[in-house]
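Welcome! Here is a short guided tour of the structure shown below, with a look at its rings and its helices.

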Amino acid sequence: MRRVSNEQRKVRISNGRGSDKDRDMLCFEDFCIVAQKIKIGEVVPPKREWLPIAPDTMHKQCWDLLVMVFLIFTCFAVPYQLAFDMVPGHIMTPFNQFDLFVDILFMTDVMINFVTAYDHEGLYVKELSGIAVHYLRTWFFLDLAGS
């Protein structure tokens, strides 16, 4: 890869041959200055906040898919267990252990929904208190009953 100096980059941009990428690129010397400032602590890279959780991230969508799969499983497993289960309730069978895991997963989903941003008129509401109030007014009691 060829190194482009500031003068060459300015000429390319002024001639109209440069792209937006050329305008946004740092030359090597500028990059070294920024790297040195980060190293000594003058410039702190921005931290990515993890709360509230954005609903359109890949991790949240995978979580929702996982919860949906277990919800479909529960729709079939609960009637089957009610109809054919002959084991007393106090004995922990592998199926009962798995059922406990699914219950914990659903309760975890309720907690995650308390910190997941929601869409209001095209914008995400990211204030945690607003998210909690909205969730309490909409899906909380249904989710709690299902957990």
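## Aromatic rings and a helix pair

In this predicted model, Y80 and F84 are both exposed. The two residues belong to helix α4, where they sit 4 residues apart, about one turn of the helix. Their rings have centres 5.2 Å apart and planes at 50°; an angle between 30 and 60 degrees is neither stacked nor edge-to-face, so this pair is tilted.

Y80 and F84 have company, as a search of the whole structure finds 9 aromatic pairs. Another of these pairs is F70 with F101, whose ring planes stand at 75° with the centres 5.8 Å apart. Planes over 60 degrees apart count as edge-to-face, so F70 and F101 form an edge-to-face pair. A pair of aromatic rings is described by the distance of the centres and the angle of the planes, and the table sets out both values.

| Ring pair | Centre distance | Plane angle | Arrangement |
|---|---|---|---|
| F70 and F101 | 5.8 Å | 75° | edge-to-face |
| Y80 and F84 | 5.2 Å | 50° | tilted |

Which parts of the chain does the pair of F70 and F101 link? The pair joins distant parts: F70 lies in helix α4 and F101 in helix α5, 31 residues apart. F70 has a relative accessibility of 13%, and because this is under 20%, F70 counts as buried. F101, at 42%, is partly exposed. Ring pairs also tie F70, F73, F98 and F101 together into a cluster.

Now to the two helices themselves. Helix α4 covers residues 58-84 and helix α5 covers residues 94-113. They pack at an angle of about 140°, and their axes are 10 Å apart. The two helices are therefore oblique to each other, and their crossing is left-handed. On the α4 side, the residues in contact include W63, L66, V67, F70 and F73; on the α5 side, they include F95, F98, F101, V102 and L105. Sorted by class, this contact has 14 nonpolar, 5 polar and 4 charged residues.

How many helices and strands does the protein have? There are 7 helices and 2 strands, and along the sequence they follow the pattern α-α-α-α-α-β-β-α-α. Of the 147 residues in the protein, 19% are buried. Finally, among contacts between residues at least 6 apart in sequence, 51% join residues at least 24 apart.

Conventions
Residues numbered from 1 in each chain as written. Predicted model: local features only at pLDDT ≥ 70, side-chain atom pairs only at ≥ 80, totals over all residues. Heavy atoms only, no water. Axes fitted to C-alpha atoms, helices over the stretch in contact; angles between N-to-C directions. Parallel < 35°, antiparallel > 145°, perpendicular 65-115°, else oblique. Left-handed = near helix turned anticlockwise from the far one by under 90°. Contact = heavy atoms within 4.5 Å. Nonpolar A, V, L, I, M, F, W, Y, C, P; charged D, E, K, R; others polar. Phe/Tyr/Trp six-rings, centres within 6.5 Å; stacked < 30°, edge-to-face > 60°. Buried < 20%, exposed > 50% of the residue type's maximum accessible area, 1.4 Å probe, protein only.
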